[in-house]
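Here is a friendly briefing to read alongside the model. Please have the sequence and the structure open as you go.

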Amino acid sequence: MSLAIGERFTIAVRDNASDGDYWRVVTPKPDAAVVTGVDEVLDLPEASETADGIGGIRYYTFEAKGNGTTTITLFNCYRTLCSHPKLGDDESRKRVVRNTYTVTVR
């Protein structure tokens, strides 16, 4: 992804904490001279107010700050399997996900 200084962009991931999702930005953190996080929002549908187990979309918004290239890594530590990898079944382990995005600011 290539951006100009001052541009913002958003990364969206499906998130359902009641089902075991736990998304977060992990190390190595993005170079703050290139990109900074400006917002993190979990958008839940109205139905989540009356029913348990309904997930939503988590949005991570970043702003391009200066010239350079950096990476942003989002990690879903599903049901804490990253801390206890021998727990859980094969299907659960498939939901432990690491997504890395490369960002260049010019």
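**Two sheets and a shared core**

Strand β1 (residues 2-3) pairs with β7 in the parallel sense, over 2 bridges. Strands here are DSSP runs of E with at least two residues, helices are runs of H or I with at least four residues, and both are numbered from the N terminus; two strands pair if DSSP finds at least two bridges between them. This is a predicted model, in which local features need pLDDT of at least 70, side-chain atom pairs count only at pLDDT 80 or more, and totals for chains, interfaces and linings use all residues. Residues are numbered from 1 along each chain as its sequence is written, and side-chain values use heavy atoms, with hydrogens and water left out.

**Confidence**

- The mean pLDDT of the protein is 84, and 76% of its residues reach 70 or more; pLDDT is the predictor's confidence in each residue, from 0 to 100.
- Confidence is highest in β1, at a mean of 96, and lowest in helix α1 (residues 90-93), at 57.

**The four-stranded sheet**

- Four strands form an open sheet in the order β1-β7-β6-β3, and its pairing is mixed.
- The edges of this sheet are β1 and β3 (23-25), each of which pairs on one side only.
- Where β1 meets β7, Leu 3 has Val 105 as its bridge partner.
- β7 also pairs with β6, this time in the antiparallel sense and over 9 bridges.
- Along that β6-β7 pairing, Ile 72 has Tyr 101 of β7 as its bridge partner, and Thr 70 stands opposite Val 103.

**The three-stranded sheet**

- A second open sheet has 3 strands in the order β2-β5-β4, with antiparallel pairing.
- Its edge strands are β2 and β4 (35-43); each has a single partner strand, so one side of each is left without a neighbour in the sheet.
- On average, neighbouring strands of this sheet are turned by 20° against each other, direction ignored; the axes are lines fitted to C-alpha atoms, for helices over the stretch in contact, and angles run from 0 to 180 degrees between N-to-C directions.
- β2 and β5 run antiparallel and are joined by 8 bridges, and one bridge partner of note is Thr 61 in β5, which faces Thr 10.

**The nonpolar core**

- The largest nonpolar core has 14 residues, and Phe 9, Val 35, Phe 62, Ile 72 and Val 103 have the most contacts inside it.
- Such a core is a set of buried Ala, Val, Leu, Ile, Met, Phe, Trp, Tyr and Cys residues joined through side-chain atoms within 4.5 Å.
- At least two residues of this core come from each of β2 (8-15), β5 (56-64), β6 (68-76) and β7 (97-105).
- In soluble globular proteins, nonpolar side chains tend to be buried together.
- Leaving aside neighbours within four places in sequence, Val 35 is in contact (heavy atoms within 4.5 Å) with Phe 9, Pro 30, Phe 62, Glu 63, Lys 65, Thr 70, Ile 72, Val 103 and Val 105.

**The aromatic pair**

- A search of the whole structure finds 1 aromatic pair.
- The rings of Phe 9 and Phe 62 have centres 5.4 Å apart and planes at 20°, so the pair is stacked.
- Rings of Phe, Tyr and Trp (its six-membered ring) pair if their centres lie within 6.5 Å; planes under 30 degrees apart count as stacked, over 60 as edge-to-face and the rest as tilted.
- Phe 9 lies in β2 and Phe 62 in β5, so the pair ties together parts that are 53 residues apart in sequence.
- Phe 9 is buried, at 8% relative accessible area, and Phe 62 is buried too, at 3%; buried means under 20%, exposed over 50%, and partly exposed in between (1.4 Å probe, protein chains only).

**Gly 68, Thr 104 and a cis bond**

- Gly 68 lies in β6 and counts as partly exposed, at 25% relative accessibility.
- Gly 68 and Val 105 are 37 residues apart in sequence, yet 5.3 Å apart in space, C-alpha to C-alpha.
- Beyond four places in sequence, the contacts of Gly 68 are Val 34, Val 103, Thr 104 and Val 105.
- Thr 104, in β7, is buried at 16% relative accessibility.
- Not counting residues up to four places away in sequence, Thr 104 touches Met 1, Ser 2, Leu 3, Gly 68 and Thr 69.
- Thr 27 and Pro 28 are joined by a cis peptide bond, with omega about 0°; Pro 28 is found in the loop between β3 and β4.
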